[in-house]
Amino acid sequence: MSAETHYLAVFTSDKTGHKWRAWRAMSEAQQAETAHLGVAAVAEWEAAHRDAIVHQGGPLGPTKRIGDDGQVTDMVNLLTVFMVVRADSHEAAARLFEGHPHMSIFVCDGVEVMPVLG
């Protein structure tokens with residue numbers, strides 16, 4: 001086993017995909033009920049993994065990009081939520097997110113996990 005390392009975890013969500021279409025098709029009451037269940041489930045997940053969480057992170061908002069030409073543009077990407085965790089291996093860090101409520105209740109479709117170098 002390697003030494004414990006920090007990993008950046010970025011939840012992804014295709015804002016044009018089927019999960020978002022299903023979310024938008026819900027009534028406001030259904031969205032509120034689902035969000036209530038999801039927030040409670042995320043809190044439970046965080047409590048169960050508190051020893052692995054280095055930085056709780058949070059939701060990511062609208063994106064602006066500056067190119068090498070100095071142009072600033074608005075853009076849409078898959079990045080939705082981030083956090084930093086610690087684990088004994090890259091695989092172990094990724095496996096922390098199996099069944100995470102952001103993917104099972106909310107609209108995220110994956111979590112990209114990468115070591116923080118340096």
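The side chain of S13 reaches the backbone oxygen of V107 at 2.9 Å, a polar contact in the sense of a pair of N or O atoms within 3.5 Å, where within protein one must be able to donate a hydrogen and the other to accept it, and residues adjacent in sequence count only if both atoms are side-chain atoms. That same side chain also makes a polar contact with the side chain of W20, at 2.6 Å. This is a predicted model, in which local features need pLDDT of at least 70 and side-chain atom pairs count only at pLDDT 80 or more, while totals for chains, interfaces and linings use all residues. Residues are numbered from 1 along each chain as its sequence is written, and side-chain values use heavy atoms, with hydrogens and water left out.

Let's stay with S13 for a moment. It is found in the loop between strand 1 and helix 1, where helices (H or I, at least four residues) and strands (E, at least two) are DSSP runs numbered from the N terminus. With a relative accessible area of 0%, S13 is buried; the cut-offs are under 20% for buried, over 50% for exposed, and partly exposed in between, with a 1.4 Å probe and protein chains only. Leaving aside neighbours within four places in sequence, S13 is in contact (heavy atoms within 4.5 Å) with W20, N77, L78, T80, V107, C108 and D109.

K19, in helix 1, meets some of that company too. Not counting residues up to four places away in sequence, K19 touches M103, F106, V107, C108 and D109. A polar atom of the K19 side chain lies 2.8 Å from the backbone oxygen of C108. K19 and M103 are 84 residues apart along the chain, yet their C-alpha atoms are separated by 9.5 Å. Unlike S13, which is buried, K19 is partly exposed, at 26% relative accessible area.

Now step back to the whole chain. The protein chain has four helices and six strands, and reading along the sequence gives the pattern β-α-α-β-β-β-β-α-α-β. Its C-alpha trace spans about 45 × 45 × 20 Å along the principal axes. Of the 118 residues, 31% count as buried. Among contacts between residues at least 6 apart in sequence, 73% join residues at least 24 apart.

Next, the strands. Four of them make an open sheet in the order 2-5-1-6, with antiparallel pairing; two strands pair if DSSP finds at least two bridges between them. Strand 2 (53-59) and strand 6 (110-115) stand at the edges with a single partner strand each, so one side of each is left without a neighbour in the sheet. Neighbouring strands here are turned by 15 degrees against each other on average, direction ignored, using axes that are lines fitted to C-alpha atoms (for helices, over the stretch in contact) and angles that run from 0 to 180 degrees between N-to-C directions. Within the sheet, strand 1 (residues 5-12) and strand 5 (residues 79-87) run antiparallel and are joined by eight bridges, with T12 standing opposite L79.

Strand 3 (residues 63-66) and strand 4 (residues 72-75) also run antiparallel, joined by four bridges. I66 stands opposite V72. The two strands form a hairpin with five residues between them, and G70 in the turn has a positive phi of about 85 degrees.

That leaves helix 2 (residues 28-48). At 1.5 Å a residue, its 21 residues should span 30 Å, and the end C-alpha atoms are 30 Å apart, which agrees; the expected span is 1.5 Å times one less than the number of residues. Which residues of helix 2 are buried? They are T34, G38, V42, W45 and E46. These cover an arc of only 105 degrees around the axis, which puts them on the same side of helix 2, the arc being that of the directions from the helix axis to the C-beta atoms. An α-helix has 3.6 residues a turn, so residues three or four places apart point the same way. What covers the buried residues of helix 2 includes helix 1 (18-25), strand 2, strand 5 and helix 4 (101-104). On the other side, A29, E33, H36, L37, V39 and E44 are exposed.

Q31 also sits in helix 2. Its side chain reaches the backbone oxygen of W23 at 2.9 Å, and, leaving aside neighbours within four places in sequence, Q31 is in contact with W23, R24 and M26.
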